[in-house]
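Visitor: I would like to learn how to read a protein model one feature at a time. Could you walk me through this one?

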Amino acid sequence: MKVRVDDSCTACGLCVDTCPEVFQMGDEFAEVIADPVPPEHEDSAQQAADECPVDAIHVE
Ligand code: SF4
């Protein structure tokens, strides 16, 4: 599983709260810090993608 954040991210911080093992806040956008996503964090990474208010997280 791989995740990607696009530039529609509003830096709300929700994904970082939901899954800090995979997302951290960068200067402008959330950044992916685990690529690929470790299997044990796939559920929370998927949850972060599902809950992103602007659908900026893409699961590949
Ligand atoms: S939840 Fe979505 S909008 Fe919020 S910081 Fe994460 S990627 Fe950006």
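Guide: Gladly! Keep in mind that this is a predicted model. Let us start with E28, which is exposed, having a relative accessible area of 57%.

Visitor: Where along the chain does E28 lie?

Guide: E28 belongs to the loop between β2 (23-25) and β3. You can also relate E28 to C12: the two are 16 residues apart along the chain, and their C-alpha atoms are separated by 10 Å.

Visitor: Is E31 buried, partly exposed or exposed?

Guide: The general idea is a scale with two cut-offs: under 20% relative accessible area is buried, over 50% is exposed, and partly exposed lies in between. E31 counts as partly exposed because its relative accessibility is 37%. This residue is in strand β3.

Visitor: Which residues is E31 in contact with, leaving aside its neighbours within four places in sequence?

Guide: With those neighbours set aside, E31 is in contact with V22, F23, Q24 and G26. For a distance to try in your viewer, take E31 and D6: they are 25 residues apart in sequence, and C-alpha to C-alpha they are 9.4 Å apart in space.

Visitor: What about S8, where is its place?

Guide: S8 is in the loop between β1 and α1, and at 32% relative accessibility S8 counts as partly exposed. Beyond its neighbours within four places in sequence, S8 is in contact with V54 and A56. Between S8 and Q24 there are 16 Å in space, C-alpha to C-alpha, and the pair is 16 residues apart in sequence.

Visitor: Now the backbone. How should I read phi and omega?

Guide: The general idea is that most residues other than glycine have a negative phi, and most peptide bonds are trans. Departures from that pattern are worth a look.

Visitor: Which residues are joined by a cis peptide bond here?

Guide: D35 and P36 are, with omega at about 5°. P36 is found in the loop between β3 (30-32) and α2 (42-51).

Visitor: And what is the phi of A11?

Guide: A11 is not a glycine, yet its phi is positive, at about 60°. You will find A11 in the loop between β1 (3-5) and α1 (14-18), where A11 is partly exposed, with a relative accessible area of 34%. D55 is another case: it is a residue other than glycine, and its phi is near 55°, a positive value. D55 sits in the loop between α2 and β4 (57-59) and is exposed, with a relative accessible area of 52%.

Visitor: How many residues does the largest nonpolar core have?

Guide: The idea is to look for buried nonpolar residues joined through side-chain atoms within 4.5 Å. Here the largest nonpolar core has 15 residues, and those with the most contacts inside it are V3, C15, V22, F23, A45 and I57. α2 gives the most to this core, with 3 residues. Take A45 as an example: leaving aside its neighbours within four places in sequence, A45 is in contact with M1, C19, V22, F23 and V37.

Visitor: Where does the ligand sit, and which residues are the closest to it?

Guide: The ligand sits in the largest cavity. There are 14 residues surrounding the ligand, and the closest are C9, C12, G13, C15 and C52. By character, the shell around the ligand divides into 12 nonpolar residues, 2 polar and no charged.

Conventions: Residues numbered from 1 in each chain as written. Predicted model: local features only at pLDDT ≥ 70, side-chain atom pairs only at ≥ 80, totals over all residues. Heavy atoms only, no water. Near = heavy atom within 4 Å. 1 Å grid on protein atoms, 1.4 Å probe; cavity = no way out; pocket = protein on both sides within 12 Å on 5 of 7 lines; lining within 4 Å. Sits in = over half its atoms within 2 Å of the grid points. Nonpolar A, V, L, I, M, F, W, Y, C, P; charged D, E, K, R; others polar. Helix = DSSP H or I, 4+ residues; strand = E, 2+ residues; numbered from the N terminus. Buried < 20%, exposed > 50% of the residue type's maximum accessible area, 1.4 Å probe, protein only. Contact = heavy atoms within 4.5 Å.
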